[in-house]
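Here are a few notes to read alongside the model. Have it open as you go through the points.

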Amino acid sequence: MMRLPPFTYLAPRTVADAARALAEHGPDAMLVAGGTDLYPNMKRRQFEPKVLIGLRAVRETAGIRGDANGGFAIGATTTLSVVAAHPAIARDFPALATAAGLVSSPQLRNMGTLGGNLCVDTRCNYYNQSYPWRKAIGFCMKKDGDICLVAPGSSRCWAVSSSDTAPVLWSLGAKVRLVSAAGERTVPVESFYRDDGIEYLAKRPDEILAEILLPPADGWTSAYLKLRRRGSFDFPVLGVAVALRLDGERVAQARIVLGAVASQPREAKTAAAALVIRRSRPARPPQPPRRLR
Ligand SMILES: Cc1cc2nc3c(=O)[nH]c(=O)nc-3n(C[C@H](O)[C@H](O)[C@H](O)COP(=O)(O)OP(=O)(O)OC[C@H]3O[C@@H](n4cnc5c(N)ncnc54)[C@H](O)[C@@H]3O)c2cc1C
Ligand code: SF4
């Protein structure tokens, strides 16, 4: 059995208190929300924080406010089950409800949060293994080692972003509100990620993801398709998030964002542009059949 390493657990009741604790303990501390990603990683000694700052007692970051006209604010500690089952989210942002409902298994969706899903660690077959397994192959640069076992000549880690909701929120033009002891800022989801398997988040370590802000639905509709090895529950091997703004029958704007293909979600701009062009062109009049020579 794999056991958790010892740590001190702090349970602040406000985001401000959590931000102060994070600033005070610096690199010794990590945030934990549902713990469905972090605790298994700690058991494998991929993370060894001395202090865990739990967000479960912070009420202000749980729940969904707003409507399709003004946009929604989803607290970062809202569970994936709540996001998946929310009638207005399912109606106005169906891709988000679908993606949240496809993460892992029902038990983990009841614990796992939307904020945790956006911050979920990148994955790699050489890294998502027990400590003895990783030790037996000499570790890798993501933890405890100094080379990449996927690409030994590489100076960077290629571990893959495997969040189901990240490509969806990117495609929907969502933003995240980040809070630290020094203040707060709001950034688009597309700026929240970096193309690096180790430093995959563009947020500072002292920043807490407090809220996810969805823009007004404004004629947009969306869908999420997930390819996974096990149909019952599994991380994506490919996630495809599509958001379309329809003008009658016409596709006026399109965004396609792929998950599980790189260390951050990847926007497929050419494919999205092709959707707009193909549907916008007037239908060609029927052509007479060409004569074969
Ligand atoms: C068997 C199994 C299957 C899984 N399948 C999937 C899957 O199909 N798709 C998928 O996307 N994920 C999957 N996961 C991963 C995980 O369950 C989800 O990503 C979940 O949403 C993580 O949320 P959490 O609240 O539990 O995060 P936690 O484990 O609490 O935290 C994850 C990371 O985010 C950080 N963090 C959490 N909240 C915040 C915050 N508010 N601000 C800043 N940092 C924060 C933590 O410090 C940690 O680094 C799976 C996990 C397991 C064990
Ligand atoms: S891609 Fe990253 S996690 Fe995978 S072997 Fe290379 S350094 Fe390690």
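1. Contact here means heavy atoms within 4.5 Å. Axes are lines fitted to C-alpha atoms, for helices over the stretch in contact, and angles run from 0 to 180 degrees between N-to-C directions. Helices (H or I, at least four residues) and strands (E, at least two) are DSSP runs, numbered from the N terminus.

2. A word on the source: this is a predicted model, where local features need pLDDT of at least 70, side-chain atom pairs count only at pLDDT 80 or more, and totals for chains, interfaces and linings use all residues. Residues are numbered from 1 along each chain as its sequence is written.

3. Start with helix α1 (residues 15–25): it lies across β6 (175–180) and β8 (208–213), and runs at about 140° to β8. Right after α1 comes Gly 26, with a positive phi near 55°.

4. Which residues of α1 are buried (under 20% relative accessible area, 1.4 Å probe, protein chains only)? They are Val 15, Ala 18, Ala 19, Ala 21 and Leu 22. Looking down the axis of α1, these buried residues fall within an arc of 160° (taken from the directions from the helix axis to the C-beta atoms), so they line one face of the helix. Their cover includes β1 (8–10), β2 (29–32), β3 (51–54), β6 and β8.

5. Now the open sheet: five strands, ordered β4-β5-β8-β6-β7, with antiparallel pairing (two strands pair if DSSP finds at least two bridges between them). β4 (64–67) and β7 (183–188) are at the edges with a single partner strand each, so one side of each has no neighbour in the sheet. On average, neighbouring strands of this sheet are turned by 20° against each other, direction ignored.

6. At the β4 edge, four bridges join β4 to the antiparallel β5 (residues 71–75). There, Arg 65 stands opposite Ala 73 in β5.

Definitions and conventions
Chains are lettered from A and ligands numbered from 1 in the order in which they are written. Side-chain values use heavy atoms; hydrogens and water are left out. Buried means under 20% relative accessible area, exposed over 50%, partly exposed in between (1.4 Å probe, protein chains only).
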